[in-house]
Amino acid sequence: MQDKTAKFLTGYSCNNYCRFCGDRAYRGIPVKTTQEIMREIKEAKKAGAVDAFFAGGEVTIRPDFFYLLKFAKNIGFQNITLTTNGRFFSYEDFTRRAIEAGISRIIFTINGHNAKLHDYLSQVEGSFKHLKEGIANLRKFGFDNIGTNTVIVKQNYKYLYDIGKLIYRVGIKTACLIYVSSPRDFYKYTPRISTAAYYIRKFLDIGRLDDEVSYAALNVPCLCYFGDYLKQISGTIEENEYSFESTPRLISKNKIEQYENIESKKIINRIKIRKCLFCKIADKCKGVWDIYLKYYGDREIKPIK
Ligand code: SF4
């Protein structure tokens, strides 16, 4: 077992409607039941997992949210991490109960540096305000183990530095960019790497100014523009990140095709092209997204000399 974290996917329901979210098409699939998730938690524990990671959709909107946290804690998971849009944490009582239930780390999704951009992408007016209030509530209870994820899309890449500054200003120490992987709306959301790279590097530079913070980027289509930033970049989709990973819920056999589409990491592969032969970091790089080459070609692929 590479890493002793178990990832639990609880279902696709969400109280935001992020434009770029690849899971929106699956909202109709029922979320997993409490019993199904409890069974997965027990299986993961039995398989030797030590830490738990809950992801949706949006896990906090489940009525059994606190119960599942407590269940995971009581069964012996040490660190319990949650990814969330943060809106429910704007309720002080909700925040207190989540902390009491045993949450250890919270990763908020931040789409923009201000309400205009964040709310535009989440398609919920007030979602940025809720997120900020959520962070403030956690602080009120002395909870500081907070990180952020920001999905890089055409609509926000020019503001990555501003987003990074905001994250730094509110005292969050780990921030992560994730390049959008939305194969069905590729042109609508996927920026060209040659243009986005400058802004990604500016974001990563913030992390270089302070030893106490960690700024990283995952899932960039190629490493060609990040020769000096390799320590902060993941060249591959994290295939082996979890020791136990639950599968999305299926409701019938004819949904299996959807399932294949749901897991973007299953349909975005990396390949090496001829230019890669001349690249200094070819041994470290897993290549370019095949889908990127399909839509944008190889013009931007620049071997590192
Ligand atoms: S190996 Fe290929 S994709 Fe990777 S950085 Fe070099 S040229 Fe770019």
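Which residues of helix H2 (residues 65–75) are buried? In this predicted model, the buried set of H2 consists of Phe-65, Phe-66, Leu-68, Leu-69, Phe-71 and Ala-72. A general point about helices helps in reading such a list: an α-helix has 3.6 residues a turn, so residues three or four places apart point the same way. The buried residues of H2 pack against two helices and two strands, namely helix H1 (34–46), helix H3 (92–101), strand E2 (51–55) and strand E3 (80–84). Just beyond the end of H2, Gly-76 adopts a positive phi of about 120 degrees.

The setting for these details is a protein chain with 11 helices and 10 strands. Of its 305 residues, 50% count as buried. Contacts that span long stretches of sequence are well represented: among those between residues at least 6 apart, 74% join residues at least 24 apart.

Aromatic residues offer a good next stop. A search of the whole structure finds 23 aromatic pairs. In one of them, the ring centres of Phe-88 and Phe-94 lie 5.3 Å apart with their planes at 80 degrees, so the pair is edge-to-face. Phe-88 is partly exposed, at 26% relative accessible area, whereas Phe-94 is buried, at 10%. A tilted pair is formed by Tyr-187 and Tyr-296, with 5.7 Å from centre to centre and 55 degrees between the planes. Because Tyr-187 lies in helix H7 (residues 186–189) and Tyr-296 in helix H11, this pair ties together parts that are 109 residues apart in sequence. Here too the partners can be described by their accessibility: Tyr-187 is partly exposed at 46%, while Tyr-296 is buried at 8%. Phe-88 and Phe-94 also belong to one aromatic cluster, together with Phe-65, Phe-66, Phe-89, Tyr-91 and Phe-108. Two members of that cluster, Phe-65 and Phe-66, are among the buried residues of H2 introduced at the start.

Helix packing can be followed in H4 (residues 115–122) and H5 (residues 127–140), whose axes are 8 Å apart and meet at an angle of about 110 degrees. That angle makes H4 roughly perpendicular to H5. On the H4 side, the contact is made by Ala-115, His-118, Asp-119 and Ser-122, and on the H5 side by Ser-127, Phe-128 and Leu-131. By character, the residues of this contact divide into 3 nonpolar, 3 polar and 1 charged.

Two individual residues round out the picture. Leu-160 lies in helix H6 (residues 160–169) and is buried, with a relative accessible area of 0%. Leaving out residues up to four places away in sequence, Leu-160 touches Thr-150, Ile-152, Leu-177, Tyr-199, Ile-200 and Phe-203. With one of these, Tyr-199, the C-alpha to C-alpha distance is 5.9 Å, although the two residues are 39 apart in sequence.

Glu-300 is found in the segment after helix H11 (290–296). Is this charged residue buried or exposed? Glu-300 counts as buried because its relative accessible area of 4% falls under the 20% cut-off. Beyond its neighbours within four places in sequence, Glu-300 is in contact with Arg-192, Ile-193, Ser-194, Tyr-225 and Tyr-292. With Tyr-292, the Glu-300 side chain makes a polar contact, side chain to side chain, at 2.7 Å.

How values were computed:
Residues are numbered from 1 along each chain as its sequence is written. This is a predicted model: local features need pLDDT of at least 70, side-chain atom pairs count only at pLDDT 80 or more; totals for chains, interfaces and linings use all residues. Side-chain values use heavy atoms; hydrogens and water are left out. Axes are lines fitted to C-alpha atoms, for helices over the stretch in contact, and angles run from 0 to 180 degrees between N-to-C directions. Helices (H or I, at least four residues) and strands (E, at least two) are DSSP runs, numbered from the N terminus. Angles under 35 degrees count as roughly parallel, over 145 as roughly antiparallel, 65 to 115 as roughly perpendicular and the rest as oblique. Contact means heavy atoms within 4.5 Å. Ala, Val, Leu, Ile, Met, Phe, Trp, Tyr, Cys and Pro count as nonpolar, Asp, Glu, Lys and Arg as charged, and the others, Gly among them, as polar. Buried means under 20% relative accessible area, exposed over 50%, partly exposed in between (1.4 Å probe, protein chains only). A polar contact is a pair of N or O atoms within 3.5 Å; within protein, one must be able to donate a hydrogen and the other to accept it, and residues adjacent in sequence count only if both atoms are side-chain atoms. Rings of Phe, Tyr and Trp (its six-membered ring) pair if their centres lie within 6.5 Å; planes under 30 degrees apart count as stacked, over 60 as edge-to-face and the rest as tilted.
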